[in-house]
Amino acid sequence: MQEDPQAKSLAPIEDHPRSDMEFGGIKPKAFQRDEKSSKCLVYILVIMVIQGSILLVFASYFLRARTPGFEIGSVEVRNLKYGNSSAPSFNFTLVTQVTVENTNFGDFRFDNSTGSVWCGSEVVGLMKIPKGRAQARATSNMSYGLLELKSYVKLSGKVNIMNIMKRRRNPEMNCFMKLNLTGNTIQGLKCD
């Protein structure tokens, strides 16, 4: 057999693979390096997304400002005077202890506030609540010797969460009570 003078010898397959030949698992070194660096980039992005979602869950739970609750702890009646004549009248002083329940992860600072005491549809008294701070976390019927009263208080202040967020909150409280005129005591105190 004669050799063709125009034929050229082929280079070994290991050095220069043909373009129409499948690699069969053999990949060039440059292609392997690009694949490793792209995997690293994907891992970094996945870690950043996971950390961001954890931070978002943390912030939505711990940094949420809730409205604090408060209630009247005790009520004391002082200087009770009343008249049961043709024009009923009364005069007395209520001494109350107000407690603020703060469920936030920051303190609640409230300003000077006032509340009102109602008898029927008339305001019969006012109460003053001095500014402070809470740490983290019908008709009158005097003939039976009972005077039905209700009170309303609204505090206004700010919740300070880890010195990052400050949110204004205004908790409110309505209380209903009966003043026993003969015993100088409060009965049936209910607050909401």
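Accessible areas were computed by the Shrake-Rupley method with a 1.4 Å probe. On this basis the protein, which is a predicted model, exposes about 14500 Å², and carbon and sulfur atoms supply 54% of that area. Of the 192 residues in the protein, 22% are buried.

The secondary structure consists of one helix and eleven strands. Along the sequence, the order of these elements is α-β-β-β-β-β-β-β-β-β-β-β. The UniProt record, an unreviewed entry, places a feature called "transmembrane region" at residues 40-63. In the model this span is 96% helix and 0% strand, and its end C-alpha atoms lie 33 Å apart. Tyr61 is overlain by a charged side chain: Arg66 lies over the face of its ring, at 5.8 Å from the ring centre. Aromatic pairs were also sought across the whole structure, and two were found.

Strand E1 spans residues 69-83 and includes Asn79. Asn79 has a positive phi of about 55°, although this residue is not a glycine. Its relative accessibility is 60%, above the 50% cut-off, and Asn79 therefore counts as exposed.

Strand E4 covers residues 113-119 and contains Val117. The strand is mostly covered, with five of its seven residues buried. E4 pairs with strand E5 (residues 122-129) in the antiparallel sense, over seven bridges. Within this pairing, Ser116 stands opposite Leu126 in E5. The two strands form a hairpin with two residues between them, and Gly120 in the turn has a positive phi of about 70°.

Val117 has a relative accessibility of 9%; because this value is under 20%, the residue counts as buried. Apart from its neighbours within four places in sequence, Val117 is in contact with Glu122, Val123, Val124, Gly125, Met127, Leu149, Lys150 and Ser151. Val117 and Leu94 are 23 residues apart in sequence, and their C-alpha atoms are 9.8 Å apart in space.

Ser151, one of the residues in contact with Val117, is found in strand E7, which runs over residues 146-154. The relative accessibility of Ser151 is 2%, so this residue also counts as buried. When residues up to four places away in sequence are not counted, Ser151 touches Ile72, Ser116, Val117, Met127, Met173, Asn174, Cys175 and Met177. Met127 thus appears in the contact lists of both Val117 and Ser151. Ser116, which stands opposite Leu126 in E5, is likewise among the residues that Ser151 touches.

A further hairpin is formed by strands E10 and E11, with four residues between them. E10 comprises residues 172-180 and E11 comprises residues 185-191, and the two pair in the antiparallel sense over five bridges. Leu179 stands opposite Ile186 in E11. In the turn, Asn184 has a positive phi of about 50°. The contacts of Ser151 include Met173, Asn174, Cys175 and Met177, and E10 spans residues 172-180.

Notes. Residues numbered from 1 in each chain as written. Predicted model: local features only at pLDDT ≥ 70, side-chain atom pairs only at ≥ 80, totals over all residues. Heavy atoms only, no water. Buried < 20%, exposed > 50% of the residue type's maximum accessible area, 1.4 Å probe, protein only. Contact = heavy atoms within 4.5 Å. UniProt positions renumbered as here; feature names shortened; annotations may be inferred. Phe/Tyr/Trp six-rings, centres within 6.5 Å; stacked < 30°, edge-to-face > 60°. Lys NZ or Arg CZ within 6 Å of the ring centre and 35° of its normal. Pairing = 2+ DSSP bridges.
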